[in-house]
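Hi,

Here is the structure I said I would pass on. Have a look first, and then my notes are below.

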Amino acid sequence: YYLLPTTYYLLPTTYYLLLMSAYLFENINMASKTLFTNKLRSGLTMLGVIIGNASVIAMVAVGQGGQKYINQQFESLGTNVLFVSPGVDQRGPQAGVVQANTLVLEDAEAIAQEVLAITAVAPEKSERLRVTHGSQETQVTVTGTTPEYPTVRDAQVSQGEFFNILDVQTSDRVAVLGSDTARTLFGEQNPLDQKIRIRNLSFKVIGVMAEKGASLGQNQDEAIFIPIMVMASQITGQEANQNSPTLQSIAVTTKNPTSSSAAQYQITNLLRLRHNILKGEDDFTVRSQQDLMATANRVTDILVIVLGATAGISLVVGGIGIMNIMLVSVVERTKEIGLRKALGATGGDILIQFTIEAIILSSVGGLIGIGLGVGGTIVVATLTPLEAVVSWQAISLAVTVSGAIGLIFGVIPARNAAQLDPIIALRS
């Protein structure tokens, strides 16, 4: 008794839904048969949408893969690292760091002793030099530094050992080779305890670094590390007006990521006191790894947007192609439209049929484009150092846009078809 009113309302609703489903299925079936009959035209119509979807997915994936690759390059420099460099950090059109000889070894020693938020300091003084062993020679970056370098730069020694503080204090001519440099100079031989020559000075090889790969365009395995006092006094020569060797940079590792800001603030204040800077611009620059990564991410974010927008243009072009072909189809099928209207089809029926045809073209083209975009991303990841980063946001955006394009650009031809007079259509 209580269910009778509910059944009274549900039966018509269910019947109406089934009727609409059958009506929609019939229109989809009719539209599919029409498109399949003209396979070549349908394929060429979908081509613009296919290219557009594939371009959007592939371009966004390449941009995000590049962003991830750049972040990995910065992380390979070391974790929780601050970089102190000499010179003024300029802003505006002449943005960049103007180099100067304002950073010395005593600054690095003061940072290590007085800044509490850090764990290790590695001063660096580098120059690209010719290095020989017997008949073998190569050009590599020779870096004078201290025993803290592996800790700060997250580097490992695969053979032998890194030099110690006693080697630095006594200016021993010892060297630690990068893995590529060791292979170039010694081939398959064991380089430990062998001799190499840097600027005609003999150095004993005491260690070989583990492979680290390229970072920001520089191969970190093509390197040689020697004590910084040897570099300053015997290789590059110490400036006459400097009591302490000048440096090209100071790498500092903090206790954890949250202490980077505190360390940056303390280092800045300490160097201002040491350099007697009370007013005006600093003659040094302190940058955190997070600052460098944020700057790089801003650039790559813009790159991803530009690539996606450029690829999105082809989606619009594909939509215009669908509209153009559908308009031509309306003209070609004038008799069919007139006959259907004469047999009782309404303008709404004609509108729905042509709109469904446009949506099918854009949806199928979108799915094919997604497959090609994902496949292209995998190919790029296989042939380049970039990782395959398939963005589900890009896929959903491409599908949504392609479906909307089919609906929007299919409405105008569909309305033209729906508004045809059946008598004029049959007479034509």
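**Notes on helix pairs and salt bridges**

Let's start with Arg183, which counts as partly exposed at 42% relative accessibility. For the burial labels, buried is under 20% relative accessible area, exposed is over 50% and partly exposed is in between, with a 1.4 Å probe and protein chains only. Before you read on: this is a predicted model, in which local features need pLDDT of at least 70 and side-chain atom pairs count only at pLDDT 80 or more, while totals for chains, interfaces and linings use all residues. Numbering runs from 1 along each chain as its sequence is written, and side-chain values use heavy atoms, with hydrogens and water left out.

Arg183 has a salt-bridge partner in Asp180, with 2.4 Å between the closest N and O atoms. A salt bridge here is a side-chain nitrogen of Lys or Arg within 4 Å of a carboxyl oxygen of Asp or Glu. The two residues sit three apart in helix H6 (residues 179-186), so about one helical turn separates them. Helices are DSSP runs of H or I with at least four residues, strands are runs of E with at least two, and both are numbered from the N terminus. As background, an α-helix has 3.6 residues a turn, so residues three or four places apart point the same way. Asp180 itself is buried, at 19% relative accessibility. That fits the rest of H6, which is mostly covered, with six of its eight residues buried. Besides Asp180, the buried ones include Ser179, Leu185 and Phe186. Just after H6 comes Gly187, with a positive phi near 60°.

How many salt bridges does a search of the whole structure find? It finds nine. One of them joins Lys204 to Asp193, with the closest N and O atoms 3.7 Å apart. That pair links distant parts of the chain, as Lys204 is in strand S9 (residues 201-209) and Asp193 is in the loop between H6 and strand S8 (195-198), 11 residues apart. Lys204 is partly exposed at 33%, and Asp193 is exposed at 55%.

Now for H3 and H8. Helix H3 (residues 105-114) and helix H8 (residues 260-274) have axes that come within 11 Å and cross at roughly 135°. That makes H3 oblique to H8. Axes are lines fitted to C-alpha atoms, for helices over the stretch in contact, and angles run from 0 to 180 degrees between N-to-C directions. Under 35 degrees is roughly parallel, over 145 roughly antiparallel, 65 to 115 roughly perpendicular, and the rest oblique. The crossing is right-handed, meaning that the near helix is turned clockwise from the far one by less than a right angle (anticlockwise would be left-handed).

Where they touch (contact means heavy atoms within 4.5 Å), Glu106, Asp107, Ala110, Ile111 and Glu114 of H3 meet Ile267, Leu270, Leu271 and Arg274 of H8. Five of these residues are nonpolar, none polar and four charged. For those classes, Ala, Val, Leu, Ile, Met, Phe, Trp, Tyr, Cys and Pro are nonpolar, Asp, Glu, Lys and Arg are charged, and the others, Gly among them, are polar.

Arg274 and Asp107 also form a salt bridge, with the closest N and O atoms 2.6 Å apart. Arg274 lies in H8 and Asp107 in H3, so this pair ties together parts that are 167 residues apart in sequence. Arg274 is partly exposed at 34%, whereas Asp107 is buried at 1%. Next along, His275 lies in the loop between H8 and strand S14 (284-288) and is buried at 17%. Leaving aside neighbours within four places in sequence, His275 is in contact with Thr102, Leu103, Asp107, Asp283 and Phe284.

Lastly, H10 and H11. The axes of helix H10 (residues 334-342) and helix H11 (residues 347-383) come within 10 Å and cross at roughly 140°. H10 is therefore oblique to H11, and the crossing is right-handed. Glu336, Ile337, Arg340 and Lys341 in H10 meet Gly347, Ile350, Gln353 and Phe354 in H11. That contact divides into three nonpolar, two polar and three charged residues. In the loop between the two helices is Ala345, which is buried at 17%. Setting aside neighbours within four places in sequence, Ala345 is in contact with Arg340 and Ile350.

Cheers
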